[in-house]
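Trainee: I'd like a close look at the open sheet in this model, please. Could you also show me how it sits within the rest of the chain?

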Amino acid sequence: KLAKKFGLLNHDKKDSQGVCFVGQLNMKEFLKNYIKSKPGKIILTETAQTIGRHDGAYYYTIGQRHGLDIKDGGGPYYVMYKDIKKNILYVAAAKQISRLRLDLSRQAKIEKTNWIAEKPKFPISCQVKIRYRSKSTPAVITQNTKNKTLLIKFKKPVRALTPGQSAVFYRGDIVLGGGILI
């Protein structure tokens, strides 16, 4: 609404999943201009079997499904973890995900929190999104003052709490802040 009000050319554009304000972009191809390719293994989490090769672990994101060169017919596969030092992608087949770390959960810890306005007084009640285009989930956020992490307690269970992904806090249409799931 504000983009249209201020006459921005991209006011009617869908939400961005990539680099904001750049336009359509193949992220992997973009990164290849700046980060040298470094081939490595793709390992199936459940069996520890190598099932493919990749161009560089840093080109992929946790939860990514597309762009994995795995042709064994057992997919689709999702990136579960990345070991950047060893240059390994760990993946799971969609049918196996619920047995791994993507089951339902009522709470999550986050770190590296940023607030849009001033830091709120805890606990706070708000809506939380944990992935692009997901529905907001009511939650209460508390602070662990010892290690500067926050604990999100969801009112109902959420699926696929994936370390490394963002959690964004809302009150209505207002973004309060966010952090990284750990």
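Mentor: Here is the ground we stand on, then the sheet and its hairpin, and then the rest of the chain.

This is a predicted model, in which local features need pLDDT of at least 70 and side-chain atom pairs count only at pLDDT 80 or more, while totals for chains, interfaces and linings use all residues. Residues are numbered from 1 along each chain as its sequence is written, and side-chain values use heavy atoms, with hydrogens and water left out. The mean pLDDT (the predictor's confidence in each residue, from 0 to 100) of the protein chain is 82, with 81% of its residues at 70 or more. Confidence is lowest in helix 1 (residues 2-5), where the mean is 62, and highest in strand 6, at 94.

The protein chain has two helices and 10 strands, where helices (H or I, at least four residues) and strands (E, at least two) are DSSP runs, numbered from the N terminus. Read from that end, the two α elements come before the run of β elements.

Now to the sheet. Four strands make it up, in the order 2-1-4-3; it is open and its pairing is mixed. Pairing here requires that DSSP finds at least two bridges between two strands. Strand 2 (50-54) and strand 3 (77-83) are the edges, each pairing on one side only. On average, neighbouring strands are turned by 30 degrees against each other, direction ignored; the axes behind that angle are lines fitted to C-alpha atoms, for helices over the stretch in contact, with angles running from 0 to 180 degrees between N-to-C directions.

Let's move in on the edge at strand 3. Strand 3 and strand 4 form a hairpin with four residues between them. The two strands run antiparallel, and six bridges join strand 3 to strand 4 (residues 88-93). Two pairs help you find your way along the ladder: Val79 stands opposite Val91, and Lys82 has Leu89 as its bridge partner.

The turn deserves a pause at Asn87, which lies in the loop between strand 3 and strand 4. Its phi is near 60 degrees, a positive value in a residue other than glycine. Most residues other than glycine have a negative phi, and most peptide bonds are trans. Asn87 is buried, with a relative accessible area of 5%; buried means under 20% relative accessible area, exposed over 50% and partly exposed in between (1.4 Å probe, protein chains only). A useful counterpart is Ala48, in the loop between strand 1 (40-44) and strand 2. Ala48 also has a positive phi, near 65 degrees, but it counts as exposed because its relative accessibility is 58%.

The loop between strand 2 and strand 3 contributes Gln64. Beyond residues up to four places away in sequence, Gln64 touches Tyr59, Tyr77, Tyr78 and Val79, a contact being heavy atoms within 4.5 Å. Its side chain also reaches the backbone oxygen of His66 at 2.8 Å; a polar contact is a pair of N or O atoms within 3.5 Å, and within protein one must be able to donate a hydrogen and the other to accept it, with residues adjacent in sequence counting only if both atoms are side-chain atoms.

How does this fit with the packing elsewhere? The largest nonpolar core has 18 residues, and Val128, Ile141, Ile152, Phe154, Ala167 and Phe169 have the most contacts inside it. Strands 5, 6, 7, 8 (149-159), 9 (166-171) and 10 (174-181) each give it two or more residues. Strand 8 supplies the largest share of this core, four residues. Another core lies apart from it, with 15 residues, among them Ile51, Leu68, Ile70 and Val79. Such a core is a set of buried Ala, Val, Leu, Ile, Met, Phe, Trp, Tyr and Cys residues joined through side-chain atoms within 4.5 Å. So Val79, which we met opposite Val91, belongs to this second core.

Two further stops complete the tour. The peptide bond from Phe122 to Pro123 is cis, with omega near -5 degrees, and Pro123 sits in the loop between strand 5 (104-115) and strand 6 (124-129). Thr137, in strand 7 (residues 137-144), is buried at 9% relative accessible area. Among its contacts more than four places away in sequence are Cys126, Phe154 and Val158.
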